[in-house]
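Here are a few exercises to work through with the model open beside you. Try each task before you read its solution.

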There are 2 protein chains.
Amino acid sequence: MELSERKIKILQAIIRTYLETGEPVGSRTISKDSDLNLSSATIRNEMADLEEMGYIMQPHTSAGRIPSDKGYRWYVDSLMTDKTNEIIDIKQDLEDKAGKIDILLQYIAKLLAKDTNYTSMVTKPRYTHKKIKFVQLTDVDEHQILAVIVIEGNIIKNKLINVVENIDKEAILKMNIILNTFLQGLDITEINMQVIANMKAQAGNYATILSDVLDAIAEVIAEADNIEIYTSGATNILKYPELSDSEKASEILYTFEEKKQLTQLIGDRISEEENRGIQVYIGDETPVESMKDCAVVTATYEIEEGVYGKVGIVGPKRMDYEKVVATLQNLMTQLDDIFKEKS
Amino acid sequence: MELSERKIKILQAIIRTYLETGEPVGSRTISKDSDLNLSSATIRNEMADLEEMGYIMQPHTSAGRIPSDKGYRWYVDSLMTDKTNEIIDIKQDLEDKAGKIDILLQYIAKLLAKDTNYTSMVTKPRYTHKKIKFVQLTDVDEHQILAVIVIEGNIIKNKLINVVENIDKEAILKMNIILNTFLQGLDITEINMQVIANMKAQAGNYATILSDVLDAIAEVIAEADNIEIYTSGATNILKYPELSDSEKASEILYTFEEKKQLTQLIGDRISEEENRGIQVYIGDETPVESMKDCAVVTATYEIEEGVYGKVGIVGPKRMDYEKVVATLQNLMTQLDDIFKEKS
DNA sequence: GTTAGCACTCGTTTATTAGGAGTGCTAATA
DNA sequence: TATTAGCACTCCTAATAAACGAGTGCTAAC
């Protein structure tokens with residue numbers, strides 16, 4: 001069976017009404033509220049068809065219809081072709097905060113959660129090809145060296161290194177030179193045994209200290225590799241009765257508290273082309289078990305050539321897709337503008 | 001009326017049973033479970049007295065009794081005199097993590113939440129008298145300076161400063177010297193207009209840049225002043241029926257998500273002597289509105305002379321005070337040992 | 001002082017009922 | 001042929017009632 005023009009209108013009406021109310025919607029409601037001028041009986045016939053086709057379902061006989069996952073999917077897909085133009089101007093707010101990327105992202109998460117009444121999450125962008133800009137050692141006291149490592153994209157990391165031997169100024173000076181000659185401009189994937197061996201050879205007496213320093217650098221870089229995720233509005237899910245029962249809520253909230261699992265949702269596979277743009281996961285489509293009763297919308301932002309992060313919204317399946325998608329699209333362009341301006 | 005020996009035993013029995021079950025406890029239960037060998041009628045008489053004295057109350061006529069806040073308070077106070085000796089050996093775990101204080105604290109929070117099944121929170125210790133160890137500027141590129149600021153207690157902060165003028169090596173060198181001559185060893189409260197004016201005088205041509213740098217330093221220091229709080233196990237509160245209804249849970253969880261309000265609970269007044277040691281807040285005693293149905297136990301740790309942080313546990317009023325207090329006491333001594341060893 | 005006994009209270013559970021929203025089907029209608 | 005009015009039927013929900021039972025307070029006897 002095909003989706004006739006009329007069926008489409010009815011299906012849309014059902015889904016829209018359900019998104020608003022969260023209650024099963026009956027034939028009479030559609031008959032009255034839509035501009036189709038059809039009796040409830042006709043609507044009923046069409047609804048029977050739509051059910052057979054899998055777009056809607058009944059929680060029980062003698063209840064109205066609610067959208068199935070397939071129904072939501074259809075709805076979302078049909079939305080994507082429209083150009084919606086809801087505008088929420090956060091650009092101004094954003095510009096003030098553009099100085100510090102992590103504060104900015106945290107702020108965006110908060111804004112999104114507040115604006116949508118769903119839960120938001122934002123990943124810190126991940127530099128896949130990190131080149132070392134420079135490394136600098138400073139002596140703090142006789143047994144401590146402070147290493148400052150600056151990676152492309154102005155990610156700054158520091159670490160205190162405890163060293164057994166006494167440290168003199170000369171050692172620091174020499175190591176600074178060695179480190180920078182060898183590492184500057186190097187992609188971190190290029191730091192191999194060969195490079196390290198060469199450095200150690202040059203370091204002579206200071207090889208042990210250098211080894212400590214290199215360990216620290218490795219550690220720091222590994223750390224930068226962890227995906228950091230900011231979330232906001234987790235408690236918003238308690239506002240939706242279908243999610244707020246103790247068990248479900250507990251699972252979902254736990255996921256947000258732990259954050260680890262969120263990686264699967266917005267951390268993975270950013271580099272793959274097809275995962276860019278706006279993605280919608282409905283119910284079982286999400287890779288995270290605890291969110292099987294939720295819908296997730298994600299979007300990818302680019303802060304500079306090849307450096308991506310993601311933004312996501314989690315809510316009930318009956319979330320206001322239109323608004324969420326529009327909001328995210330809007331946010332993305334505004335972020336684009338901000339980052340473009342800066343560079 | 002006085003609390004007779006027998007009344008004490010009955011009160012204890014009531015509270016203990018209620019802590020376990022969370023259900024009102026009746027006279028017959030006490031009569032059978034305790035070693036008093038009294039009939040339920042006698043217990044009833046005593047219970048009527050205890051109720052009159054305010055230690056227990058009835059949720060409604062013909063229900064058993066539950067402890068009132070006063071009852072809990074009495075119970076907790078009586079616990080404090082006992083020497084409990086439950087031992088949970090986390091020391092070994094802790095030592096591995098002692099390298100990085102924030103990871104350590106985060107880990108402690110997790111451990112506590114897991115161990116107690118309540119919610120835990122840990123503040124990062126706050127250095128009240130922060131002396132600047134040193135400041136170091138490095139040129140990143142022509143218009144960016146990287147400032148690294150090390151404060152006593154090895155708190156390291158860095159900030160990228162955008163400068164309009166071109167920067168040459170000489171400027172950097174000169175400013176480094178000025179900054180360190182003036183600021184090194186200075187308590188941050190001592191950096192006043194006078195000092196700044198003197199520095200600017202010395203800086204000559206570089207005064208504008210110096211001004212930017214000082215702004216950045218001020219910002220960084222202000223940031224270090226914020227109390228950071230790690231929490232864990234927030235979703236645990238959903239395990240307790242008396243807290244898990246949507247509204248209450250939402251409020252409490254929101255408090256943990258936002259964290260701001262937690263400051264009132266474990267951030268404030270650490271320096272005041274009487275707030276050290278173990279503190280128990282029951283119901284309305286807590287300064288945080290959303291936790292009026294909870295109990296909060298806090299403890300203070302000292303990582304070095306004069307540098308304090310706090311650890312807190314939040315749970316239902318019927319929390320297992322004995323275990324929580326013992327766990328915290330234990331944790332405190334173990335932390336003490338670890339930090340003492342290190343210095 | 002303690003306890004057995006008993007009437008009474010009141011929340012909880014279970015059963016019953018009434019109401020109503022919504023359906024599917026059929027037959028009449030345009 | 002498509003639409004619609006009508007009606008019997010389903011089944012959820014809310015309301016009401018009844019049965020239950022845990023627990024109490026009080027009294028009177030031990």
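**Exercise 1.** Find which residues come closest to DNA strand D, and work out which atoms of the strand they meet.

Solution. Start by collecting the neighbours: 20 residues surround DNA strand D, and the closest are R6(A), T42(A), T61(A), S62(A) and S27(B). Here a residue is near a strand if one of its heavy atoms lies within 4 Å of it. A word on ground rules: this is a predicted model, where local features need pLDDT of at least 70, side-chain atom pairs count only at pLDDT 80 or more, and totals for chains, interfaces and linings use all residues. Residues are numbered from 1 along each chain as its sequence is written, chains are lettered from A and ligands numbered from 1 in the order in which they are written, and side-chain values use heavy atoms, with hydrogens and water left out.

Next, sort the strand atoms: sugar or phosphate makes up 76% of the atoms of DNA strand D within 4 Å of the protein, and bases the rest.

**Exercise 2.** Pick out polar contacts (pairs of N or O atoms within 3.5 Å) to DNA strand D.

Solution. Take the phosphate first. The side chain of T42(A) puts an N or O atom 2.7 Å from a phosphate oxygen, and a backbone N or O atom of S39(A) sits 3.1 Å from a phosphate oxygen. Now the bases: an N or O atom in the R44(A) side chain is 3.2 Å from a base oxygen. Step back to the elements: α3 of chain A and α3 of chain B give two or more residues to this surface, with α3(A) supplying the largest share, 4 residues. Helices here are DSSP runs (H or I, at least four residues), numbered from the N terminus.

**Exercise 3.** Repeat the job for DNA strand C: which residues come nearest?

Solution. S27(A), R6(B), T42(B), T61(B) and S62(B) do, out of 20 around the strand. Sugar and phosphate account for 75% of the strand C atoms within 4 Å of the protein. For contacts, a polar side-chain atom of T61(B) lies 3.1 Å from a phosphate oxygen, while one of R44(B) is 3.2 Å from a base oxygen. α3(B) gives the most to this surface, with 4 residues.

**Exercise 4.** What rotation superposes chain B on chain A?

Solution. Fit by least squares on C-alpha atoms of residues with pLDDT of at least 70 in both copies. You get 180° with 0.2 Å of shift along the axis, at RMSD 0.3 Å. The two copies are therefore related as by a two-fold rotation axis.

How values were computed. Polar contact = N/O pair within 3.5 Å; in protein donor to acceptor, adjacent residues only side chain to side chain.
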